[in-house]
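Visitor: I'm new to this one, so could you walk me through it step by step?
Guide: Gladly; have a look at it here, and then ask whatever comes to mind.

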Amino acid sequence: MMSSTALATINFNDDSSATDNDLGECEDISLLPLPEEDIILQLLAVRYAKNRIYSKCGDVLLAINPYCDVSHLLYTDEMLFRYSKPRSLTELDTLPPHPWKTAAKAFRCLVSGANDVDGVGDTGHRNQSIVISGESGKVLLFLLAPFWL
């Protein structure tokens, strides 16, 4: 897995295309040196082919419907523990994109009163929201529930 800080080192060919291997490791579209439509679509296609259905663009989680059951890969008790265990937002940021990461990050910011992605800032509580759109909204709400219970 490539860390968020290393994403900007993707090597582009002379025709502004990256290798599929480089794109498959990129988790955050916002860190692409050339975030053009064809490169973003190539990135998502490569990640999809590797069963990496979650990507992100900054704080926005992107999910591609895998059209098959991936619960044994992405929604196990071990994975839930992995995303609920980190003690800091910095530690949480080292994990791959996932709905549980989004939920854990939002909850920690809500509880701590942090106002930015690093979990620092003023300590006053601010309104927050999570927008879930698409056909899988009910499933995502079910998957995120453990973080609010």
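Guide: One term is needed before we start: a residue is called buried when its relative accessible area is under 20%, exposed when it is over 50%, and partly exposed in between. Please also keep in mind that this is a predicted model.

Visitor: OK, so what percentage of the protein chain counts as buried?
Guide: Of its 149 residues, 33% count as buried. The chain exposes about 9,200 Å², and carbon and sulfur atoms supply 56% of that area.

Visitor: And how many helices and strands are there?
Guide: The protein chain has seven helices and two strands, and read along the sequence they follow the pattern α-α-β-β-α-α-α-α-α.

Visitor: In what sense do strand 1 and strand 2 pair?
Guide: Strand 1, residues 54–57, and strand 2, residues 60–63, pair in the antiparallel sense, over four bridges. To take one position, Lys56 has Leu61 in strand 2 as its bridge partner.

Visitor: What's going on between those strands?
Guide: They form a hairpin with two residues between the strands, and in this hairpin Gly58 takes a positive phi near 70 degrees.

Visitor: Back to Lys56 for a second: which residue does it form a salt bridge with?
Guide: Its partner is Asp28, and the closest N and O atoms of the two are 4.0 Å apart. Lys56 lies in strand 1, whereas Asp28 lies in the loop between helix 1 (20–25) and helix 2 (37–49), so the salt bridge ties together parts that are 28 residues apart in sequence.

Visitor: Are those two buried or exposed?
Guide: Lys56 counts as buried, because its relative accessibility is 12%, and Asp28 counts as buried too, at 5%.

Visitor: How many salt bridges does the count come to?
Guide: The count comes to four salt bridges. In general terms, side chains of opposite charge can pair when their charged atoms come close.

Visitor: Which residues are linked in a network of them?
Guide: Asp59, Asp93 and Lys105 are linked in a network of salt bridges. Lys105 forms one salt bridge with Asp59, where the closest N and O atoms are 3.7 Å apart. Since Lys105 lies in helix 6 and Asp59 in the loop between strand 1 and strand 2, this pair ties together parts that are 46 residues apart in sequence.

Visitor: And how does Asp93 come in?
Guide: The side chains of Asp93 and Lys105 also meet in a salt bridge, with 3.0 Å from N to O. Asp93 lies in the loop between helix 5 (89–92) and helix 6, while Lys105 lies in helix 6, so this pair ties together parts that are twelve residues apart in sequence.

Visitor: Within that network, who's buried and who's exposed?
Guide: Each of the three falls into its own class: Lys105 is buried, with a relative accessible area of 14%, Asp59 is exposed, at 51%, and Asp93 counts as partly exposed, at 22%.

Visitor: New topic: how many aromatic pairs does the structure hold?
Guide: The structure holds one aromatic pair. The rings belong to Tyr75 and Trp100, with their centres 6.0 Å apart and their planes at 80 degrees, so the pair is edge-to-face.

Visitor: Why is 80 degrees edge-to-face?
Guide: Because planes over 60 degrees apart count as edge-to-face, and the planes of Tyr75 and Trp100 are at 80 degrees.

Visitor: Where do those two sit?
Guide: Tyr75 lies in the loop between helix 3 (71–74) and helix 4 (77–84), and Trp100 lies in helix 6, so the pair ties together parts that are 25 residues apart in sequence. Tyr75 counts as partly exposed, at 22% relative accessibility, whereas Trp100 counts as buried, at 3%.

Visitor: Which residues form a nonpolar patch on the surface?
Guide: That patch is formed by Phe107, Leu110 and Val111, which together have about 250 Å² of accessible area. Leu110 is found in helix 6, which covers residues 99–112, and Leu110 is partly exposed, with a relative accessible area of 38%.

Visitor: Last one: where is the place of Asn51?
Guide: Asn51 is in the loop between helix 2 and strand 1, and at 44% relative accessibility Asn51 counts as partly exposed. The C-alpha atoms of Asn51 and Ile64, which are 13 residues apart along the chain, are separated by 9.7 Å.

Note on methods. Residues numbered from 1 in each chain as written. Heavy atoms only, no water. Buried < 20%, exposed > 50% of the residue type's maximum accessible area, 1.4 Å probe, protein only. Areas by Shrake-Rupley, 256 points an atom, 1.4 Å probe, with all protein chains shown as cover. Pairing = 2+ DSSP bridges. Patch = residues over 30% accessible without salt bridge, like charges linked within 9 Å, V, L, I, M, F, W, Y side chains within 5 Å. Phe/Tyr/Trp six-rings, centres within 6.5 Å; stacked < 30°, edge-to-face > 60°.
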